[in-house]
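Colleague: I'm new to reading models like this. Could you show it to me and then take a few questions?

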Amino acid sequence: MQVTTKIVGLTGGIGSGKTTVANYFKELGIPVYIADVEAKLLMKRSKVIIRKLIQLFGSETYYKGELNKPFIANKVFNDPVLLEKMNTIVHPKVASHFKRWLKKQDAPYVIKEAAIIFENNTYTSLDYIITVIATERTRINRVIERDKSSEERVKAIIKNQWSDAEKVKLSNFVIENIELADTKNQVINIHQKILKKR
Ligand code: ATP
């Protein structure tokens, strides 16, 4: 009998610790797809995306063959219409790339990490949803430390994302990411529960 691989969405606000949690699942042998990383790779490789992004943002979109991330970030920051246009170019390609990737996986389930799953309704295509939470103050501090970005910038991104409370309501599992050792235990617990659900 063919067993289908379940898709477990892993989400959470900026700086909540999605990638940190995803890495713990990886340690348990679970394949992990990080949508943001794959999107960036496709923005570098896909001829169709490259052409459309240059049409949208202009020739500065790429610099010496590399995606000009600060240029794009500045363009879409505070411009939701432009951000939406960029997403319309990139997201369908990521979705089809994910489908091809999924076919190659041989595991009881995979983790698909994405910051935005509720806001754009893609959560409906997932079998289970895990949301990673931490207080806003903690998240802001982590991102300032990691990216050297300003408090205002992080707050502006948070404002465009759903609140933890809204996400938690639609989630099957919630991970409170404060102490890393405790976070790892929560991952092991959820992993076992998902395996039993099959
Ligand atoms: P983004 O939405 O920006 O992609 P994210 O949700 O994937 O962020 P991470 O990159 O995993 O979050 O974590 C943000 C930063 O905080 C990283 O530098 C990470 O090492 C650190 N971090 C994550 N969890 C903890 C923790 N429990 N204790 C201390 N530092 C942490």
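**Two helices and two loop residues**

Modeller: Sure, and first a caution: this is a predicted model, where local features need pLDDT of at least 70, side-chain atom pairs count only at pLDDT 80 or more, and totals for chains, interfaces and linings use all residues. Residues are numbered from 1 along each chain as its sequence is written, and side-chain values use heavy atoms, with hydrogens and water left out.

Colleague: Where is H191 found, and is H191 buried or exposed?

Modeller: H191 sits in helix α9 (helices are DSSP runs of H or I, at least four residues, numbered from the N terminus). Leaving aside residues up to four places away in sequence, H191 touches F25, L28, I30 and Y109, where contact means heavy atoms within 4.5 Å. Buried means under 20% relative accessible area, exposed over 50% and partly exposed in between (1.4 Å probe, protein chains only). H191 has 12% relative accessibility, so H191 counts as buried.

Colleague: At what angle do α1 and α9 pack?

Modeller: Helix α1 covers residues 18-27 and helix α9 covers residues 180-197. Axes are lines fitted to C-alpha atoms, for helices over the stretch in contact, and angles run from 0 to 180 degrees between N-to-C directions. The axes of α1 and α9 are 10 Å apart, and the angle is about 55°.

Colleague: What phi does K64 have, and is K64 buried or exposed?

Modeller: K64 lies in the loop between β3 (62-63) and β4 (66-67), strands being DSSP runs of E, at least two residues. K64 isn't a glycine, yet its phi is positive, about 50°. With 72% relative accessibility, K64 counts as exposed.
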